[in-house]
Amino acid sequence: MIPLLLILIPMLSGLAVFFLKEANSSKALALGSSVITLALSLMAINSKGVLHYDASWLPGLGGRFTLMQDGMGKMLGLLTAISFPVVFAATFKNTYQKPAAFYGLMLLAQAGLLGVFLAADALLFYFFWELALIPVYFLCSIWGGEKRIAVTFKFFIYTFIGSLLMLVGILFVYAHTADHSFALQSFYNVQLTGKQQAYVFALFFIAFAIKMPIFPLHTWQPDAYEQAPTATTMILSGVMVKMGLFAVIRWVLPMVPGAVKGHALFVIILSVIGMVYASLIAIKQDDIKRLIAYSSIAHIGLMCAAIFTQNQIGLEGVMIQMFNHGINVIGLWIVADVIEQQLGTRKFSELGGLAQKAPTLAILLVVMALANVALPLTNAFVGEFLLFNGLFQYNIWIAAVAGISIILSAVYTLNMIQKIFYGNTVEKTNNAVEIDFNIQVVLSVLVVMVLVMGVYPQPMIDLTKDTVNAIFAHR
């Protein structure tokens, strides 16, 4: 029942929030619901084996309401469950017009995300994929920045095309299953020719590549991250981009192994180009949000490349890094939101000397930023070591080019720290004050996770090891 409750609690809570009139009540219910979901996710982590739930849904079409929570599902479920109470707590003092609608849509997005990570039926997977995206569309278009309409339209076009291609792919594979079923195992067992595998790979991979996103399908992301309300951006960057990585691992690798092998080099090259390109663009940014957005593109590109190396150590690195990247990037977004809310700007050129006014914020950001650079003893070091190890085993020259992004990451991250926190104070930072207690608590919790995972990552590796072995069993 745990997989079902993980979806039902945020979904029902989200619907209930819509009927509340007071902002504080909406915030409290959203935070309370997310804490309960986190407790359930921790119960799932502590349970042994794969958790299942199965019920009749659309018997005439061959679709069932089937949920499966293996190690990867537990890990991404935990990331999702941690992210929402962290976001709600960190932005608790932020004010929104129509708060009931805002928090209701956020909870529906959480239900959709958890559904994506748990679905073991292709039609159900598609349903939750759309459920996760639709609330985000409204969150960005209603509560976004000045350019939100144009940016949201671009986001809609990209995701709509991707969803349409995926639906065509799902229906094509369904038509070729032996039992005319949308079940995950039926999709794994489907027998397709080499040309059919190539078509299916293209339909699914383009949809998932848009969601990650990887070069050259990334152009919607920086604008969307910049214009979306920061609470939504945290979820987009910390959790939602993992939908694409997860979907490639869960659906594409075992279903069309021949096409994956045939297109691996092409995808890896695109991913590495995206890593270096995004890192170079990040160096030139004067906006905190856009820098973090391009940094995220670079990190996701590395994970995508490691998936297609098709070696075990690379895939183990992807598993742990999906979780670690989510924690790190949400921490960076929280700092960006604090600075924007307090000082009214996100531009490096208008900041400086903030460490003199908010030393606690400076210390906490430095830890999160160094984790973003994958400094040893931080959580990202372990994941990136495994990712580059897998890429090195695939091709030493590709790994060498990808390694340039490590240097570039240090350049733009340290540049961000220096411009925001050090030097003399300027007009906008003269009146800055120390961060609120709730922000200190949230960032401190994230910092502890960064350090613990950096020193002892074995539990997360053990959690997802069976999933990695199962993926390679289908090769």
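How many of the 20 residues of helix H3 are buried? All 20 of 20 are, so H3 is largely enclosed by the rest of the structure. Bear in mind as we go that this is a predicted model.

Let's stay with H3 for a moment. The helix covers residues 71-90, and at 1.5 Å a residue it should span 28 Å; the C-alpha atoms at its ends are 28 Å apart, which agrees. Now look at helix H4, residues 99-118, which also has 20 residues. From its first C-alpha to its last, H4 reaches 29 Å, close to the 28 Å expected at 1.5 Å a residue. H4 is mostly covered too, with 19 of its 20 residues buried.

Helix H2, residues 23-46, is where you'll find Ala28. Ala28 counts as partly exposed because its relative accessibility is 44%, and the buried label needs a value under 20%. In sequence, Ala28 and Ile9 are 19 residues apart, while their C-alpha atoms are 15 Å apart in space.

On to the rings. A pair of aromatic rings is described by the distance of the centres and the angle of the planes. Searching the whole structure turns up 29 aromatic pairs. One of them is Tyr96 with Phe102, a stacked pair at 3.9 Å centre to centre with 15 degrees between the planes. Why does Tyr96 count as buried? Its relative accessible area is 17%, and the cut-off for buried is under 20%, so Tyr96 qualifies. Its partner Phe102 is buried as well, at 1% relative accessibility.

For another geometry, try Tyr225 and Trp333: this pair is edge-to-face, 5.8 Å centre to centre and 85 degrees between the planes. Tyr225 sits in helix H9 (residues 220-227) and Trp333 in helix H14 (residues 312-343), so the pair ties together parts that are 108 residues apart in sequence. Tyr225 is buried at 0% relative accessibility, and Trp333 is likewise buried, with a relative accessible area of 0%.

Ring pairs can also chain up into something bigger than a pair. Here they link Phe125, Trp129, Tyr174, Phe182, Phe187, Phe204, Phe208 and Trp251 into a cluster. There is a charge over a ring to look at as well: Lys27 lies over the face of Phe92, 5.4 Å from the ring centre.

Next, the empty space. The structure holds five cavities of 30 Å³ or more, and the largest has about 90 Å³ of space in it. That cavity is lined by 13 residues, and the closest to its centre are His299, Glu384, Ser405, Ile406 and Ser409. Which elements give two or more residues to this lining? They are helix H12 (257-283), helix H13 (288-309), helix H17 (379-394) and helix H18 (396-421). H18 provides the largest share, four residues. By chemical character, the lining divides into seven nonpolar, five polar and one charged residue.

The second largest cavity has a volume of about 40 Å³. Its lining is made up of Trp129, Leu133, Tyr158, Thr159, Gly162, Ser163, Ala207, Ile210 and Lys211. Helix H5 (122-143), helix H6 (148-176) and helix H8 (194-211) each give two or more residues to it, with the largest share, four residues, coming from H6. This lining splits into five nonpolar, three polar and one charged. You've met Trp129 already: besides lining this cavity, it belongs to the ring cluster.

Finally, the backbone. Two cis peptide bonds are worth a look. The bond from Met212 to Pro213 is cis, with omega near -15 degrees, and Pro213 is in the loop between H8 and H9. The bond joining Phe215 and Pro216 is cis too, with omega about 0 degrees, and Pro216 is also placed in the loop between H8 and H9.

Positive phi values come up in residues other than glycine as well. His180 has a phi of about 45 degrees and lies in the loop between H6 and helix H7 (184-189). Is His180 buried or partly exposed? With a relative accessible area of 45%, His180 is partly exposed. Ala374 has phi near 65 degrees, and its place is in the loop between helix H16 (359-372) and H17. Ala374, in contrast, is buried, with a relative accessible area of 8%.

Conventions:
Residues numbered from 1 in each chain as written. Predicted model: local features only at pLDDT ≥ 70, side-chain atom pairs only at ≥ 80, totals over all residues. Heavy atoms only, no water. Phe/Tyr/Trp six-rings, centres within 6.5 Å; stacked < 30°, edge-to-face > 60°. Buried < 20%, exposed > 50% of the residue type's maximum accessible area, 1.4 Å probe, protein only. Lys NZ or Arg CZ within 6 Å of the ring centre and 35° of its normal. 1 Å grid on protein atoms, 1.4 Å probe; cavity = no way out; pocket = protein on both sides within 12 Å on 5 of 7 lines; lining within 4 Å. Points joined across faces, edges and corners; volume = space filled by probe spheres on them. Nonpolar A, V, L, I, M, F, W, Y, C, P; charged D, E, K, R; others polar. Expected span 1.5 Å × (residues − 1).
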